[in-house]
Amino acid sequence: MKHDIILYLLVMTAVTFAIRLLPLTLLRRPIKGRFLSSFLYYVPYVTLAVMTFPAIVEATQVPAAGAAALVAGIALAWCGASLFQVSAACCLVVFVMEFVLLG
């Protein structure tokens, strides 16, 4: 059993190391393709969105409260509110929605 865990950790380490090392060794020149460089530029934002948006809706007791907070946060951010203002408003929206819906 202990040997299995060590083997799993070694394989995970090798895969993680390879994922990080291969681009450094294989891509020595700057990427000149407009489409590929644009695609790679937006990958972190898309990854963050894919991880964050489902958690916003599912973290509340009532998914509608999370969805309302998401809409309010997007609207406030669009209007130029600071990160603190957006997060505080989203928390307030969730609190009020759950208070109203759950009684």
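How many helices and how many strands are there in the protein? Four helices and zero strands, and keep in mind while browsing these views that the model is a predicted one.

**View 1. The whole chain, an α-α-α-α protein.**
Follow the sequence along and the pattern you get is α-α-α-α. The radius of gyration comes out at 21 Å, while the globule rule gives 13 Å for 103 residues, so the protein is more spread out than a compact globule. Taken along the principal axes, the box filled by the C-alpha atoms is roughly 55 × 50 × 20 Å. Burial is scored for the 103 residues too, and 10% of them count as buried. As for contacts between residues at least 6 apart in sequence, 50% join residues at least 24 apart.

**View 2. The spans that UniProt lists as "transmembrane region".**
The unreviewed UniProt entry gives residues 6–27, 39–57 and 69–102 under this heading. Start with residues 6–27: this stretch is 95% helix and 0% strand, and its end C-alpha atoms sit 32 Å apart. Now look at residues 69–102, which are 88% helix and 0% strand. Here the end C-alpha atoms lie 16 Å apart.

**View 3. Tyr41, Tyr42 and Tyr45, a cluster linked by ring pairs.**
The structure holds three aromatic pairs, and two tilted ones can be seen here. Tyr41 and Tyr45 make a tilted pair, with 5.9 Å from centre to centre and 55° between the planes. Both of these residues belong to helix H2 (residues 34–58), where they are four residues apart, about one turn of the helix. Tyr42 and Tyr45 also form a tilted pair, at 6.5 Å centre to centre and 55° between the planes. What separates Tyr42 from Tyr45 along helix H2? About one helical turn, as the two are three residues apart. Tyr42 itself is partly exposed, and its relative accessible area is 47%. Put the ring pairs together and Tyr41, Tyr42 and Tyr45 are linked into a cluster.

**View 4. Glu98, a buried residue without a salt bridge.**
Zoom in on helix H4 (residues 83–102) to find Glu98. Which side chain of opposite charge is nearest to Glu98? That would be Arg20, but it is 32 Å away. A salt bridge calls for a side-chain nitrogen of Lys or Arg within 4 Å of a carboxyl oxygen of Asp or Glu, and Glu98, though buried, has none. So who keeps Glu98 company, and which residues is it in contact with? Leaving aside neighbours within four places in sequence, the contacts of Glu98 are Thr60, Gln61, Val62, Ala65 and Gly103.

**View 5. Ile6 in helix H1, with Val43 for reference.**
Ile6 is part of helix H1 (residues 2–26). Is Ile6 buried or partly exposed? Partly exposed, given a relative accessible area of 40%. Val43 is 37 residues from Ile6 in sequence, and the C-alpha atoms of the two are 32 Å apart in space.

**View 6. Val71 and Trp78, two residues of helix H3.**
Helix H3 (residues 63–78) is home to Val71, and Trp78 lies in helix H3 as well. Val71 is exposed, and its relative accessible area is 57%. Trp78 is exposed too, with a value of 76%. How far apart in space are Val71 and Leu10, C-alpha to C-alpha? The answer is 43 Å, for residues that are 61 apart in sequence. Swing over to Trp78 and Val43, which are 35 residues apart along the chain, and the C-alpha separation is 21 Å.

Conventions. Residues numbered from 1 in each chain as written. Predicted model: local features only at pLDDT ≥ 70, side-chain atom pairs only at ≥ 80, totals over all residues. Heavy atoms only, no water. Buried < 20%, exposed > 50% of the residue type's maximum accessible area, 1.4 Å probe, protein only. Lys, Arg positive; Asp, Glu negative; His and termini not counted. Contact = heavy atoms within 4.5 Å. Phe/Tyr/Trp six-rings, centres within 6.5 Å; stacked < 30°, edge-to-face > 60°. UniProt positions renumbered as here; feature names shortened; annotations may be inferred. Rg over C-alpha atoms; globule rule 2.2 N^0.38 Å.
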